[in-house]
Amino acid sequence: MIKLFVSDMDGTLLNSKHMISENTANHIKKLQAHGIEFMIATGRTFASSKALLDMHSIECEIINLNGAALYDSNGQTLESIPMERNIARSLIEYCQNYKIEFSMMTEHNIYVSNKEAFLKRMYDYLNINQSDDESSAPQFVGEFGHTQDITDYAFDSDEEILKLVIISDKPTVLNSIRRLFEKDDSLDITSSNHDNLEITHIYAQKGFAIQSYVNKKGWSMEEVAAIGDSLNDRSMLKMAGYGFAMDNASDEVKNFTRYRAPHCDEDGVAQIIQDILSGKYTD
């Protein structure tokens, strides 16, 4: 019996307009009403995740930053797994030396190498300038209020580093960084898009965060359904009793899972929830 349903956001819960559809939101509430817990597991920050959920009055606990932090629905940190500060600093200095763009996430803030470029990318990604639909703006506002220049971060402070995102449109640059730093067994290096590397502590992964959560509940991973579309979902798709890869996922991601879900623009999450509620997945 499934007791916990965990969903990624971008490319999974969110459609190509980066929004939760009304249909999907209604199915989430039906799932919760049937006593099955709903949870988010995303690479996003709490601020941007929460803004999207609040638009539909969805309340749930949220795994953010690929598994580096778990928050309750009010934004209270329940768990966090920071990177080793000296390793994070080495990565940042490498990027600064070679003029590679990056962002660094802590519990409440995003520190970026180029604030203007970061904000432009956010605008472009969310199509805020090109769309007449203003509903995508709140998630951007959520990020904007927490974005600072990297020079504002003090490495001797108590503010722990939870995630680094390195950005480049040159695969050779990303491959070089991966080869150099993947030798460090304290790091997990993955990706959510072709132009980035996402780096966290080796145990700051979605699957491990879910495992910790269900252990405290007295459940097992066999009672978990997880759904996602990208490589930063790989651990939860492998570890969950029911792992669903979106139709819009790559073949590599689909190879991690036994089950498939329809495309994010076809409300794939809603369709899987409906299947669960109808009793389809009981093996």
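Helices and strands on this tour are DSSP runs, with at least four residues for a helix (H or I) and at least two for a strand (E), numbered from the N terminus. Keep that in mind as you click along. This is a predicted model, in which local features need pLDDT of at least 70 and side-chain atom pairs count only at pLDDT 80 or more, while totals for chains, interfaces and linings use all residues. Residues are numbered from 1 along each chain as its sequence is written, and side-chain values use heavy atoms, with hydrogens and water left out.

**Stop 1: a loop glutamate**

Select Glu223 to begin. Glu223 sits in the loop that runs between helix H8 (206-217) and strand E12 (224-228). Is Glu223 buried or exposed? Glu223 counts as buried because its relative accessibility is 17%; the cut-offs are under 20% relative accessible area for buried, over 50% for exposed, and partly exposed in between (1.4 Å probe, protein chains only). Now add Ser220 to the selection: the Glu223 side chain reaches the backbone nitrogen of Ser220 at 2.9 Å. That is a polar contact, meaning a pair of N or O atoms within 3.5 Å; within protein, one must be able to donate a hydrogen and the other to accept it, and residues adjacent in sequence count only if both atoms are side-chain atoms.

**Stop 2: salt bridges**

How many salt bridges does a search of the whole structure find? The search finds 11, where a salt bridge is a side-chain nitrogen of Lys or Arg within 4 Å of a carboxyl oxygen of Asp or Glu.

Show Arg44 and Asp10 as sticks. Their closest N and O atoms are 2.7 Å apart in a salt bridge. Because Arg44 belongs to the loop between strand E2 (37-41) and helix H3 (46-54), and Asp10 to helix H1 (residues 9-13), this pair ties together parts that are 34 residues apart in sequence. Both Arg44 and Asp10 are buried.

Next, pick Lys163 and Glu198, another salt bridge, with 3.5 Å between the closest N and O atoms. Lys163 is in strand E9 and Glu198 in strand E11 (residues 196-201), so the pair ties together parts 35 residues apart in sequence. Both Lys163 and Glu198 are buried.

Then move to Asp188 and Arg234, whose salt bridge has its closest N and O atoms 2.4 Å apart. Distant parts of the chain are linked here: Asp188 is in strand E10 (residues 187-190) and Arg234 in helix H9 (residues 234-239), 46 residues apart. Asp188 is buried, with a relative accessible area of 5%, and Arg234 also counts as buried, at 18% relative accessibility.

To finish this stop, select Asp8, Lys206 and Asp233 together; salt bridges link them in a network.

**Stop 3: positive phi angles**

Click on His18, in the loop between H1 and helix H2 (22-33). His18 is not a glycine, although its phi is positive, at about 65 degrees. His18 is buried, with a relative accessible area of 9%.

For another residue of this kind, go to Asp267, in the loop between strand E14 (259-261) and helix H11 (268-277). Phi of Asp267 is near 55 degrees, a positive value in a residue other than glycine. At 17% relative accessibility, Asp267 counts as buried.

**Stop 4: a negative patch**

Turn on the surface and color Glu107, Asp156, Asp158 and Glu160, which form a negative surface patch. Patches take residues with over 30% relative accessible area and no salt bridge, joining like charges within 9 Å and nonpolar side chains (Val, Leu, Ile, Met, Phe, Trp, Tyr) within 5 Å. Where in the fold is Asp156? Asp156 lies in the loop between strand E8 (147-149) and strand E9 (163-167). With 72% relative accessibility, Asp156 counts as exposed.

**Stop 5: distances to try**

Use the distance tool on C-alpha atoms here. Start with Ser250, in the loop between strand E13 (242-246) and helix H10 (251-254). Ser250 is partly exposed, at 36% relative accessible area. From Ser250 to Asp229, 21 residues apart along the chain, the C-alpha separation is 7.3 Å.

Glu252 is in helix H10 and is partly exposed, with a relative accessible area of 46%. The C-alpha atoms of Glu252 and Arg234 are 9.5 Å apart, with their positions 18 residues apart along the chain.

Last, select Asp275 in helix H11, which counts as partly exposed at 23% relative accessibility. Asp275 and Leu174 are 101 residues apart in sequence, and their C-alpha atoms are 39 Å apart in space.

Terms used
Areas by Shrake-Rupley, 256 points an atom, 1.4 Å probe, with all protein chains shown as cover. Lys, Arg positive; Asp, Glu negative; His and termini not counted. Charge placed at Lys NZ, Arg CZ, Asp CG, Glu CD.
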